[in-house]
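Biologist: Could you take a close look at one part of this model for me, the helix that interests me most, and then walk outward from there to the rest of the chain? I'd like one connected account rather than a list.

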Amino acid sequence: MRSTGRHHLFYLSVLPKSKILALSEEGYPQSSTESDYVSNERTFNKYDLLKCNPSKQILKVFMYDLPPQFHFELLGWKAEGKRIWPDIRKMVPHYPGGLNLQHSIEYWLTLDLLLSEFTDNLDGRSAIRVHNSSEADVIFVPFFSSVCYNRFSKVKPPQKRITNVLLQRKLVAFLTEQEEWKRSGGKDHIILAHHPNSLLDARMKLWPAMFILSDFGRYPPTVANVEKDVIAPYKHVIKNYDNDTSDFDSRPILLYFQGAIYRKDGGTVRQELFYMLKDEKDVHFSFGSILKGGVKQATSGMHSSKFCLNIAGDTPSSNRLFDAIASHCVPVIISDDIELPYEDVLDYTEFCIFVRTADALKQNFVINFIRSITKEEWTRMWTRLQEIENMFEYQYPSKDNDAVQMIWQAIARKVPAINFKVHKSARYSRSPVSKEEGMKSFPLPKNIL
(Lines give C-alpha, C1' and ligand atoms only; values in the text may rest on other atoms or scores of the structure.)
Protein backbone atom coordinates (compact mmCIF):
# COMPACT_ATOMS: atom_id res chain seq x y z
CA MET A 1 0.00 0.00 0.00
CA ARG A 2 1.21 3.48 -0.86
CA SER A 3 -0.27 6.89 -0.42
CA THR A 4 -1.59 8.43 -3.59
CA GLY A 5 1.06 10.22 -5.59
CA ARG A 6 3.81 9.67 -3.00
CA HIS A 7 6.58 7.10 -2.76
CA HIS A 8 6.41 6.27 0.93
CA LEU A 9 7.43 2.91 2.26
CA PHE A 10 4.56 1.46 4.22
CA TYR A 11 5.49 -0.57 7.23
CA LEU A 12 5.30 -4.10 5.94
CA SER A 13 9.04 -4.56 6.00
CA VAL A 14 10.51 -7.38 7.99
CA LEU A 15 13.24 -8.61 10.20
CA PRO A 16 16.39 -10.20 8.83
CA LYS A 17 16.29 -13.95 8.33
CA SER A 18 15.87 -14.95 11.90
CA LYS A 19 13.40 -17.06 13.81
CA ILE A 20 14.54 -15.80 17.17
CA LEU A 21 11.65 -13.37 17.50
CA ALA A 22 9.16 -16.11 16.69
CA LEU A 23 9.69 -17.82 20.02
CA SER A 24 6.73 -19.37 21.70
CA GLU A 25 5.70 -18.36 25.17
CA GLU A 26 7.81 -21.21 26.48
CA GLY A 27 10.80 -19.92 24.53
CA TYR A 28 10.82 -22.50 21.72
CA PRO A 29 11.12 -21.48 18.06
CA GLN A 30 7.98 -21.31 16.00
CA SER A 31 7.80 -21.29 12.25
CA SER A 32 7.82 -17.79 10.87
CA THR A 33 7.52 -16.43 7.36
CA GLU A 34 9.55 -13.56 6.01
CA SER A 35 7.53 -10.89 4.29
CA ASP A 36 8.24 -10.60 0.60
CA TYR A 37 7.43 -6.92 0.69
CA VAL A 38 10.62 -4.97 0.10
CA SER A 39 10.62 -1.44 -1.26
CA ASN A 40 13.66 -0.13 -3.09
CA GLU A 41 11.90 2.71 -4.85
CA ARG A 42 11.78 5.05 -1.90
CA THR A 43 14.60 7.54 -2.18
CA PHE A 44 13.84 10.52 -0.04
CA ASN A 45 14.10 13.91 -1.68
CA LYS A 46 15.08 15.11 1.78
CA TYR A 47 18.43 13.31 1.51
CA ASP A 48 19.25 15.42 -1.54
CA LEU A 49 18.17 18.49 0.42
CA LEU A 50 20.65 17.59 3.13
CA LYS A 51 23.47 17.37 0.62
CA CYS A 52 22.55 20.82 -0.68
CA ASN A 53 22.42 22.23 2.82
CA PRO A 54 25.14 20.53 4.89
CA SER A 55 24.71 23.11 7.67
CA LYS A 56 21.35 21.50 8.45
CA GLN A 57 22.52 18.51 10.45
CA ILE A 58 19.82 15.86 10.62
CA LEU A 59 20.39 12.63 12.53
CA LYS A 60 19.87 9.63 10.24
CA VAL A 61 18.25 6.80 12.17
CA PHE A 62 17.82 3.19 11.11
CA MET A 63 14.92 1.64 13.06
CA TYR A 64 14.49 -2.11 13.32
CA ASP A 65 11.12 -3.38 12.16
CA LEU A 66 10.48 -5.31 15.36
CA PRO A 67 7.16 -7.19 15.51
CA PRO A 68 4.23 -5.27 17.08
CA GLN A 69 4.49 -7.30 20.29
CA PHE A 70 7.52 -5.16 21.16
CA HIS A 71 5.86 -1.79 20.71
CA PHE A 72 2.32 -0.73 19.77
CA GLU A 73 0.72 -4.07 20.59
CA LEU A 74 1.72 -3.39 24.21
CA LEU A 75 -0.66 -0.43 24.03
CA GLY A 76 -3.54 -2.57 22.81
CA TRP A 77 -3.12 -1.92 19.08
CA LYS A 78 -3.98 -4.93 16.94
CA ALA A 79 -1.97 -5.38 13.76
CA GLU A 80 -3.75 -6.56 10.64
CA GLY A 81 -2.06 -9.23 8.56
CA LYS A 82 1.66 -8.66 8.20
CA ARG A 83 1.51 -5.01 9.16
CA ILE A 84 4.22 -4.01 11.62
CA TRP A 85 3.38 -0.36 12.23
CA PRO A 86 0.06 1.48 12.56
CA ASP A 87 -0.94 3.84 9.77
CA ILE A 88 -0.41 6.99 11.81
CA ARG A 89 -1.96 9.10 9.04
CA LYS A 90 -5.30 7.55 9.97
CA MET A 91 -4.99 6.64 13.65
CA VAL A 92 -2.37 7.06 16.37
CA PRO A 93 -2.60 4.39 19.10
CA HIS A 94 -3.35 5.82 22.52
CA TYR A 95 -0.78 5.56 25.32
CA PRO A 96 -2.10 4.55 28.78
CA GLY A 97 -2.74 7.50 31.08
CA GLY A 98 -1.90 8.17 34.71
CA LEU A 99 1.65 7.64 35.89
CA ASN A 100 2.31 5.42 32.86
CA LEU A 101 2.67 8.63 30.85
CA GLN A 102 5.68 9.96 32.73
CA HIS A 103 7.95 7.30 31.17
CA SER A 104 6.37 7.32 27.68
CA ILE A 105 9.50 8.59 25.88
CA GLU A 106 9.76 5.45 23.72
CA TYR A 107 6.30 6.19 22.29
CA TRP A 108 7.03 9.78 21.26
CA LEU A 109 10.40 9.04 19.65
CA THR A 110 8.99 6.12 17.67
CA LEU A 111 6.05 8.19 16.44
CA ASP A 112 8.44 10.93 15.35
CA LEU A 113 10.50 8.49 13.27
CA LEU A 114 7.38 7.07 11.68
CA LEU A 115 6.12 10.54 10.86
CA SER A 116 9.41 11.39 9.15
CA GLU A 117 8.35 8.91 6.46
CA PHE A 118 5.47 11.12 5.41
CA THR A 119 6.98 14.57 5.16
CA ASP A 120 9.72 16.22 3.16
CA ASN A 121 9.60 19.32 5.34
CA LEU A 122 12.71 19.35 7.51
CA ASP A 123 11.82 22.51 9.44
CA GLY A 124 12.21 21.82 13.16
CA ARG A 125 13.17 18.20 12.53
CA SER A 126 16.31 16.76 14.13
CA ALA A 127 16.05 13.13 12.95
CA ILE A 128 14.74 11.12 10.02
CA ARG A 129 14.34 7.43 9.44
CA VAL A 130 16.53 5.71 6.84
CA HIS A 131 16.07 2.15 5.61
CA ASN A 132 19.70 1.32 4.90
CA SER A 133 21.60 0.78 8.13
CA SER A 134 24.92 1.58 6.44
CA GLU A 135 23.63 5.14 5.86
CA ALA A 136 22.55 5.61 9.46
CA ASP A 137 24.26 7.52 12.25
CA VAL A 138 22.54 5.37 14.90
CA ILE A 139 20.37 2.26 15.14
CA PHE A 140 17.07 2.67 17.00
CA VAL A 141 15.49 -0.24 18.90
CA PRO A 142 11.70 0.35 19.19
CA PHE A 143 11.02 -1.69 22.31
CA PHE A 144 8.49 0.00 24.62
CA SER A 145 10.30 -1.22 27.72
CA SER A 146 8.68 1.15 30.24
CA VAL A 147 5.07 0.33 29.44
CA CYS A 148 6.09 -3.33 29.17
CA TYR A 149 7.34 -3.16 32.76
CA ASN A 150 4.33 -1.21 34.00
CA ARG A 151 1.67 -3.43 32.42
CA PHE A 152 3.23 -6.86 31.82
CA SER A 153 5.42 -7.67 34.83
CA LYS A 154 3.06 -10.32 36.19
CA VAL A 155 1.83 -13.61 34.78
CA LYS A 156 -1.57 -13.20 33.18
CA PRO A 157 -3.42 -16.51 32.63
CA PRO A 158 -3.39 -18.43 30.37
CA GLN A 159 0.21 -17.30 29.94
CA LYS A 160 2.86 -19.31 31.73
CA ARG A 161 5.62 -16.72 31.64
CA ILE A 162 5.91 -13.03 32.36
CA THR A 163 5.68 -11.10 29.10
CA ASN A 164 8.17 -8.47 30.26
CA VAL A 165 10.82 -11.12 30.90
CA LEU A 166 10.10 -13.08 27.73
CA LEU A 167 10.29 -10.03 25.46
CA GLN A 168 13.61 -8.96 26.96
CA ARG A 169 14.99 -12.43 26.31
CA LYS A 170 13.79 -12.32 22.71
CA LEU A 171 15.22 -8.85 22.25
CA VAL A 172 18.69 -9.81 23.45
CA ALA A 173 18.71 -12.89 21.22
CA PHE A 174 17.59 -10.90 18.21
CA LEU A 175 19.91 -7.92 18.61
CA THR A 176 23.07 -9.91 19.23
CA GLU A 177 22.43 -11.86 16.02
CA GLN A 178 22.11 -8.80 13.79
CA GLU A 179 24.91 -7.63 11.53
CA GLU A 180 24.31 -4.07 12.71
CA TRP A 181 25.03 -5.10 16.29
CA LYS A 182 28.06 -7.20 15.36
CA ARG A 183 29.47 -4.39 13.23
CA SER A 184 29.65 -1.93 16.14
CA GLY A 185 29.37 -4.24 19.13
CA GLY A 186 26.07 -2.48 19.83
CA LYS A 187 27.75 0.87 20.50
CA ASP A 188 25.64 2.75 17.94
CA HIS A 189 22.32 1.28 19.11
CA ILE A 190 19.72 3.37 20.94
CA ILE A 191 17.70 1.50 23.59
CA LEU A 192 15.05 3.14 25.74
CA ALA A 193 14.69 2.17 29.39
CA HIS A 194 13.28 5.31 31.00
CA HIS A 195 11.45 3.61 33.86
CA PRO A 196 14.10 2.77 36.50
CA ASN A 197 12.94 -0.86 36.59
CA SER A 198 12.53 -1.37 32.85
CA LEU A 199 14.89 -3.64 30.92
CA LEU A 200 16.01 -5.04 34.26
CA ASP A 201 16.92 -8.47 32.85
CA ALA A 202 18.48 -7.33 29.58
CA ARG A 203 20.45 -4.24 30.58
CA MET A 204 23.52 -6.19 31.70
CA LYS A 205 23.72 -7.83 28.26
CA LEU A 206 22.93 -4.78 26.14
CA TRP A 207 25.09 -2.27 28.04
CA PRO A 208 27.34 -1.33 25.07
CA ALA A 209 24.32 0.45 23.56
CA MET A 210 23.32 4.02 24.33
CA PHE A 211 20.49 3.94 26.87
CA ILE A 212 17.85 6.67 27.12
CA LEU A 213 17.20 6.89 30.86
CA SER A 214 15.61 9.03 33.57
CA ASP A 215 18.68 8.72 35.82
CA PHE A 216 21.51 6.35 36.75
CA GLY A 217 20.21 5.49 40.21
CA ARG A 218 19.77 1.77 39.60
CA TYR A 219 22.68 1.22 37.22
CA PRO A 220 26.33 0.48 37.97
CA PRO A 221 28.57 3.06 36.26
CA THR A 222 30.07 0.40 34.02
CA VAL A 223 26.61 -0.23 32.52
CA ALA A 224 25.23 3.31 32.29
CA ASN A 225 26.93 6.67 32.65
CA VAL A 226 26.71 10.26 31.47
CA GLU A 227 29.46 9.85 28.87
CA LYS A 228 27.72 7.01 27.03
CA ASP A 229 24.02 7.52 27.65
CA VAL A 230 21.34 10.19 27.40
CA ILE A 231 19.11 11.50 30.18
CA ALA A 232 15.60 12.32 28.95
CA PRO A 233 12.96 14.34 30.81
CA TYR A 234 9.87 12.73 32.27
CA LYS A 235 6.59 13.68 30.65
CA HIS A 236 4.94 15.99 33.15
CA VAL A 237 1.62 14.79 34.59
CA ILE A 238 0.04 18.05 35.72
CA LYS A 239 -1.44 20.53 33.27
CA ASN A 240 0.57 23.28 31.62
CA TYR A 241 0.15 26.79 32.95
CA ASP A 242 -1.06 28.39 29.73
CA ASN A 243 -1.44 32.17 29.58
CA ASP A 244 0.38 32.55 32.89
CA THR A 245 -0.22 36.10 34.13
CA SER A 246 0.86 35.41 37.71
CA ASP A 247 3.74 37.15 39.44
CA PHE A 248 5.72 36.94 42.67
CA ASP A 249 3.01 38.58 44.75
CA SER A 250 0.07 36.66 43.29
CA ARG A 251 1.52 33.25 44.20
CA PRO A 252 0.71 32.92 47.92
CA ILE A 253 2.61 29.66 48.66
CA LEU A 254 6.33 30.15 49.15
CA LEU A 255 7.44 26.50 48.95
CA TYR A 256 5.45 23.49 47.70
CA PHE A 257 5.84 19.73 47.97
CA GLN A 258 3.20 17.05 47.58
CA GLY A 259 4.06 13.39 47.17
CA ALA A 260 5.38 10.34 48.95
CA ILE A 261 7.22 11.43 52.10
CA TYR A 262 8.57 8.18 53.50
CA ARG A 263 11.06 6.75 51.01
CA LYS A 264 13.94 4.32 51.22
CA ASP A 265 17.57 4.78 50.20
CA GLY A 266 18.50 8.41 49.51
CA GLY A 267 14.88 9.50 49.81
CA THR A 268 14.97 9.63 53.61
CA VAL A 269 15.78 13.34 53.27
CA ARG A 270 12.11 13.90 52.43
CA GLN A 271 11.10 12.72 55.87
CA GLU A 272 13.65 14.95 57.59
CA LEU A 273 12.55 17.99 55.59
CA PHE A 274 8.90 17.28 56.29
CA TYR A 275 9.46 17.64 60.03
CA MET A 276 11.52 20.82 59.50
CA LEU A 277 9.07 22.58 57.18
CA LYS A 278 5.57 21.31 57.98
CA ASP A 279 4.78 24.10 60.44
CA GLU A 280 6.00 27.01 58.30
CA LYS A 281 2.92 29.12 57.55
CA ASP A 282 3.58 29.69 53.83
CA VAL A 283 4.91 26.19 53.06
CA HIS A 284 2.79 23.34 51.70
CA PHE A 285 4.46 20.01 52.49
CA SER A 286 2.10 17.04 52.48
CA PHE A 287 1.53 13.50 51.31
CA GLY A 288 -0.19 13.12 47.95
CA SER A 289 -0.75 10.82 44.97
CA ILE A 290 -2.55 10.94 41.63
CA LEU A 291 -5.56 9.22 43.20
CA LYS A 292 -8.71 11.05 44.31
CA GLY A 293 -8.05 14.23 42.40
CA GLY A 294 -4.37 14.34 43.28
CA VAL A 295 -3.28 15.65 39.87
CA LYS A 296 -5.84 18.46 39.95
CA GLN A 297 -4.80 19.39 43.48
CA ALA A 298 -1.09 19.37 42.58
CA THR A 299 -1.76 21.49 39.49
CA SER A 300 -3.55 24.11 41.56
CA GLY A 301 -0.87 24.00 44.26
CA MET A 302 2.11 24.34 41.92
CA HIS A 303 0.46 27.10 39.92
CA SER A 304 0.01 28.99 43.20
CA SER A 305 3.59 28.53 44.45
CA LYS A 306 6.78 30.49 43.99
CA PHE A 307 9.14 27.54 44.59
CA CYS A 308 8.59 23.78 44.23
CA LEU A 309 10.72 21.19 46.00
CA ASN A 310 12.25 18.36 43.98
CA ILE A 311 13.75 15.99 46.55
CA ALA A 312 15.50 12.69 45.87
CA GLY A 313 13.27 9.66 46.41
CA ASP A 314 13.96 5.99 45.69
CA THR A 315 15.97 7.28 42.73
CA PRO A 316 17.76 10.61 42.18
CA SER A 317 15.12 11.96 39.77
CA SER A 318 11.35 12.32 39.77
CA ASN A 319 8.62 13.70 37.58
CA ARG A 320 8.12 16.52 40.08
CA LEU A 321 10.88 18.61 38.50
CA PHE A 322 9.11 18.63 35.15
CA ASP A 323 5.73 19.29 36.74
CA ALA A 324 7.35 22.35 38.35
CA ILE A 325 8.77 23.55 35.02
CA ALA A 326 5.34 23.20 33.38
CA SER A 327 3.89 25.24 36.29
CA HIS A 328 6.54 28.00 36.09
CA CYS A 329 7.24 27.21 39.73
CA VAL A 330 10.98 27.64 40.36
CA PRO A 331 12.37 24.17 41.17
CA VAL A 332 14.42 23.69 44.33
CA ILE A 333 16.49 20.56 43.65
CA ILE A 334 17.79 18.55 46.61
CA SER A 335 19.32 15.49 45.00
CA ASP A 336 23.11 15.22 44.92
CA ASP A 337 23.24 12.45 42.31
CA ILE A 338 20.68 13.82 39.88
CA GLU A 339 21.58 14.07 36.19
CA LEU A 340 19.59 16.53 34.12
CA PRO A 341 18.48 16.44 30.47
CA TYR A 342 20.59 18.40 27.96
CA GLU A 343 22.70 19.97 30.69
CA ASP A 344 25.59 20.26 28.22
CA VAL A 345 23.61 22.94 26.36
CA LEU A 346 21.23 24.20 29.06
CA ASP A 347 22.22 26.06 32.24
CA TYR A 348 19.76 24.96 34.92
CA THR A 349 21.02 27.57 37.39
CA GLU A 350 19.13 30.15 35.33
CA PHE A 351 15.79 28.72 36.45
CA CYS A 352 16.49 26.27 39.30
CA ILE A 353 17.84 26.44 42.85
CA PHE A 354 20.24 23.69 43.94
CA VAL A 355 20.77 22.71 47.58
CA ARG A 356 23.23 20.08 48.76
CA THR A 357 21.60 17.36 50.83
CA ALA A 358 23.99 17.95 53.73
CA ASP A 359 22.99 21.62 53.82
CA ALA A 360 19.28 20.86 53.45
CA LEU A 361 19.39 18.76 56.61
CA LYS A 362 20.68 21.67 58.67
CA GLN A 363 17.99 23.29 60.79
CA ASN A 364 16.30 26.22 58.98
CA PHE A 365 18.83 26.20 56.13
CA VAL A 366 16.32 25.61 53.32
CA ILE A 367 13.64 27.99 54.53
CA ASN A 368 16.13 30.79 55.27
CA PHE A 369 17.78 30.33 51.88
CA ILE A 370 14.47 30.45 50.00
CA ARG A 371 13.28 33.50 51.92
CA SER A 372 16.53 35.29 51.01
CA ILE A 373 15.79 35.11 47.27
CA THR A 374 14.52 38.49 46.11
CA LYS A 375 11.48 39.23 44.02
CA GLU A 376 13.74 40.32 41.14
CA GLU A 377 15.77 37.09 41.26
CA TRP A 378 12.61 35.00 41.31
CA THR A 379 11.09 36.95 38.41
CA ARG A 380 14.19 36.34 36.26
CA MET A 381 13.95 32.59 36.89
CA TRP A 382 10.18 32.58 36.36
CA THR A 383 10.67 34.33 33.01
CA ARG A 384 13.37 31.87 32.00
CA LEU A 385 11.10 28.92 32.86
CA GLN A 386 8.60 30.14 30.29
CA GLU A 387 11.36 30.47 27.70
CA ILE A 388 12.62 26.89 28.09
CA GLU A 389 9.48 24.94 29.04
CA ASN A 390 8.96 23.80 25.44
CA MET A 391 12.21 21.81 25.68
CA PHE A 392 10.47 19.48 28.13
CA GLU A 393 7.19 19.10 26.23
CA TYR A 394 6.30 15.79 24.55
CA GLN A 395 3.74 16.10 21.78
CA TYR A 396 2.65 14.63 18.48
CA PRO A 397 3.38 15.91 15.97
CA SER A 398 6.64 17.05 17.50
CA LYS A 399 7.65 20.71 17.18
CA ASP A 400 10.93 22.56 16.90
CA ASN A 401 13.12 22.14 20.01
CA ASP A 402 10.49 20.30 22.04
CA ALA A 403 11.48 17.30 24.17
CA VAL A 404 11.49 14.87 21.23
CA GLN A 405 13.76 17.06 19.11
CA MET A 406 16.00 17.89 22.07
CA ILE A 407 16.53 14.18 22.75
CA TRP A 408 17.46 13.55 19.11
CA GLN A 409 19.91 16.43 19.32
CA ALA A 410 21.40 15.01 22.53
CA ILE A 411 21.86 11.67 20.76
CA ALA A 412 23.46 13.41 17.78
CA ARG A 413 26.02 15.04 20.06
CA LYS A 414 27.10 11.54 21.15
CA VAL A 415 27.66 10.28 17.60
CA PRO A 416 31.30 11.46 17.25
CA ALA A 417 32.23 9.61 20.45
CA ILE A 418 30.41 6.51 19.21
CA ASN A 419 32.26 6.63 15.90
CA PHE A 420 35.56 7.03 17.72
CA LYS A 421 34.91 3.89 19.79
CA VAL A 422 33.71 1.86 16.81
CA HIS A 423 36.64 2.88 14.61
CA LYS A 424 39.18 2.26 17.35
CA SER A 425 37.77 -1.18 18.15
CA ALA A 426 38.07 -2.12 14.46
CA ARG A 427 41.80 -1.33 14.20
CA TYR A 428 42.94 -4.94 14.10
CA SER A 429 39.87 -6.47 12.46
CA ARG A 430 41.87 -7.42 9.35
CA SER A 431 44.94 -8.68 11.19
CA PRO A 432 45.33 -12.46 11.33
CA VAL A 433 44.77 -13.90 14.77
CA SER A 434 47.98 -15.16 16.31
CA LYS A 435 47.94 -18.78 17.42
CA GLU A 436 50.59 -18.17 20.03
CA GLU A 437 49.42 -17.65 23.57
CA GLY A 438 51.00 -15.80 26.41
CA MET A 439 53.75 -13.19 26.39
CA LYS A 440 56.92 -13.58 24.40
CA SER A 441 60.21 -13.54 26.30
CA PHE A 442 62.92 -11.31 24.89
CA PRO A 443 66.59 -11.38 26.00
CA LEU A 444 67.73 -8.30 27.86
CA PRO A 445 70.22 -6.02 26.10
CA LYS A 446 73.78 -6.85 27.11
CA ASN A 447 74.50 -3.31 28.27
CA ILE A 448 71.75 -3.49 30.91
CA LEU A 449 73.53 -6.26 32.85
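Modeller: Here is a look at helix α8 and what sits around it, followed by the rest of the protein.

Keep in mind that this is a predicted model. Let's start with α8 itself, which is mostly covered: eight of its eight residues are buried. Going along the helix, the buried residues are R320, L321, F322, D323, A324, I325, A326 and S327, so charged side chains are on that list along with the nonpolar ones. An α-helix has 3.6 residues a turn, so residues three or four places apart point the same way. As for what does the covering, strands β7 (253–258), β9 (305–311) and β10 are included, and so are helices α6 (268–277), α7 (294–303) and α11.

Now step off the end of the helix. Just after α8 comes H328, with a positive phi of about 60°. Most residues other than glycine have a negative phi, and most peptide bonds are trans. H328 belongs to the loop between α8 (320–327) and β10 (330–334). Is H328 buried or exposed? With a relative accessibility of 1%, H328 falls under the 20% cut-off and therefore counts as buried.

There is another positive phi to set beside that one: N364, not a glycine either, has a phi near 70°. N364 sits in the loop between α9 (357–360) and α10 (365–371). Its relative accessibility is 34%, so N364 counts as partly exposed.

Back to the surroundings of α8. Three of the strands that help cover the helix, β7, β9 and β10, also turn up in an open sheet of five strands, ordered β8-β7-β9-β10-β11 and paired in parallel. At the edges stand β8 (283–286) and β11 (353–354); each has a single partner strand, so one side of each has no neighbour in the sheet. For β8, the pairing with β7 is parallel and runs over four bridges, and there F257 stands opposite F285 in β8. In a regular strand the side chains alternate between the two faces of the sheet.

F285 is a good way into the packing. The largest nonpolar core holds 115 residues, and F285 is one of those that touch the most other members, together with L273, F307, W408 and I411. Helix α12 gives this core its largest share, ten residues. The core also draws at least three residues from each of domain 1 (59–231) and domain 2 (253–392). A second, separate core has eight residues, including I238, A298, C308 and C329.

W408 takes us across to the other part of the protein. Leaving aside its neighbours within four places in sequence, W408 contacts L59, V61, L109, D112, L113, S126, A127 and F140. L59 and V61 lie in strand β1 (residues 59–63), which is mostly covered, with four of its five residues buried. β1 runs parallel to β2 (residues 127–130), joined to that strand by four bridges, with K60 opposite I128 in β2. β1 also runs parallel to β3 (residues 138–141), this time over three bridges, and here V61 stands opposite V138 in β3. Together with helix α2 (residues 105–115), β1 and β2 make a right-handed β-α-β unit.

A couple of backbone details are worth a visit while you have the model open. A cis peptide bond joins P157 and P158, with omega about 10°; P158 is placed in the loop between α3 (145–151) and α4 (163–175). Another cis peptide bond joins Y396 and P397, with omega about -5°, and P397 is in the loop between α11 (375–388) and α12 (403–425). That loop leads from α11, part of the cover over α8, to α12, the helix with the largest share of the big core.

Finally, the overall picture. The protein has twelve helices and eleven strands. Of its 449 residues, 54% count as buried. Taking contacts with a separation of 6 or more, 68% of them are between residues 24 or more positions apart. The exposed area comes to about 22600 Å², and carbon and sulfur atoms supply 52% of it.

Notes: Residues numbered from 1 in each chain as written. Predicted model: local features only at pLDDT ≥ 70, side-chain atom pairs only at ≥ 80, totals over all residues. Heavy atoms only, no water. Helix = DSSP H or I, 4+ residues; strand = E, 2+ residues; numbered from the N terminus. Buried < 20%, exposed > 50% of the residue type's maximum accessible area, 1.4 Å probe, protein only. Contact = heavy atoms within 4.5 Å. Areas by Shrake-Rupley, 256 points an atom, 1.4 Å probe, with all protein chains shown as cover. Core = buried A, V, L, I, M, F, W, Y, C linked by side-chain atoms within 4.5 Å. Domains from an automatic or database assignment. Pairing = 2+ DSSP bridges. Right-handed = clockwise from strand over helix to strand, strands pointing away.
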